[in-house]
Structures are given as structure tokens and as C-alpha cells.
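Me: Please take a close look at one part of this model. I would like one helix and what surrounds it in the sequence, in plain terms.

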Amino acid sequence: MSGSFVAFFILSLLTIGGAVFMISFNRVVHMVISLGITFLSIAGLFILLGAEFVAVSQILVYSGAISILMLFGIMLTKHDDKEEGSRSLKKRQYVSLLFVAVFFIIVFWGIQNTVWPNVPQEAATDVSNVKQIGLAVFTNYVIPFELLSVLLLVALVGAIIMAKKEGGKE
């Protein structure tokens, strides 16, 4: 058993456990914390795959920004602490368990019956992953990159206008 296998096993358990806890918890704050654990574990899996840039982006964007945004959303909105009936909750848990079991069987069958090509690993240790991504983004994909930045700017201005209109009504 190698160290990377043990790390993969631990990170996989954290990822799956965080996702299961996220859908199992009743309190929204607990859900966000378990979602953050899932995002950090996925970043660790990206590091094991050798995609350091994607791992850092995962930590910055999802684990940081999205989790904080969700926590602020929770703190700034009103919530009722009404619990669902225990009968409805039990029925939902059984349906969820059945769905997860069927999904696991389908994925396991697909993995076992797929013919995986034997591709040799390239020994390019001096090539920078970030440099390749930067060159691709700013040479081949510069127009979509700029269009995305304009789209995000329009969404930001729209959110500010909508928030200002709601503030004026109160």
C-alpha cells in the first residue's frame, strides 16, 4: 500500500462523507460546513492527480468564496426552525438510500465493464501546469474569457441595482 493510495482513500472518504452529511443534516450551518469539507477534500484529490492549479482554484473559489457567501446568506435571511414530520423524514431517507444504492450499482457496473486504454505516462516534470493553462486561456480562448468577464460585470451591476431597489421599498 503506497502513501498516495492511503491519501486517496482518506480524501475519498472525506469527500463522500461530507456530501452525505450535507444532505443528512437539518441545520443549514452544518450543511455549509460539511460542504466546505467536501470542497477541501476534492481539492486534495486534484493535488493527487497533479492538477495543482485546479486544486488552488477549488480552494479559493469553492471552499472560500462559496462557503462564505452561503454563510452570509444564512445569517442575512430569516429561517423558521420547523422540523418536518418524522414519518415524512423516514420515507425520504429510505428513498434517498435506495437512489444512492442504485446509483452505486450502476457506476460500479460501468467501471467494471469499461475497457480502459493503456496510455503511457509522460515524464514531463519540468512543464508547468499553470503556464500551460495561462497560455491556452490567453491565446486560444481570449474572446470567451473576455465575454465571461463582461457577463460577470453585468451580473454584478444587476445585483447592485436589484439590491438598491429592494432597499428603497423598506
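Reply: Here is a walk along helix H2, then its neighbours H1 and H3 in the numbering.

This is a predicted model, where local features need pLDDT of at least 70, side-chain atom pairs count only at pLDDT 80 or more, and totals for chains, interfaces and linings use all residues. Residues are numbered from 1 along each chain as its sequence is written, and side-chain values use heavy atoms, with hydrogens and water left out.

Helices are DSSP runs (H or I, at least four residues), numbered from the N terminus. H2 covers residues 28–48. The expected span is 1.5 Å times one less than the number of residues. For the 21 residues of H2 that gives 30 Å, and the end C-alpha atoms are 30 Å apart, so the two agree.

Buried means under 20% relative accessible area, exposed over 50%, partly exposed in between (1.4 Å probe, protein chains only). Buried residues in H2 include Val32, Leu35, Phe39 and Leu45. Gly36 and Gly44 are also buried there. Just after H2, Gly50 takes a positive phi of about 85°.

H2 also contributes to a nonpolar surface patch, together with helix H1 (3–24). The patch is about 990 Å², and its members include Phe5, Leu13, Val29, Ile33 and Ile37. H1 gives the largest share, six residues. Leu13 sits in H1. Leu13 counts as exposed because its relative accessibility is 51%.

Glu52 belongs to helix H3 (residues 52–76). At 42% relative accessibility, Glu52 counts as partly exposed. Glu52 and Asn129 are 77 residues apart in sequence, yet 7.5 Å apart in space, C-alpha to C-alpha.

Note on methods:
Helix = DSSP H or I, 4+ residues; strand = E, 2+ residues; numbered from the N terminus. Patch = residues over 30% accessible without salt bridge, like charges linked within 9 Å, V, L, I, M, F, W, Y side chains within 5 Å. Areas by Shrake-Rupley, 256 points an atom, 1.4 Å probe, with all protein chains shown as cover. Salt bridge = Lys/Arg side-chain N within 4 Å of Asp/Glu carboxyl O.
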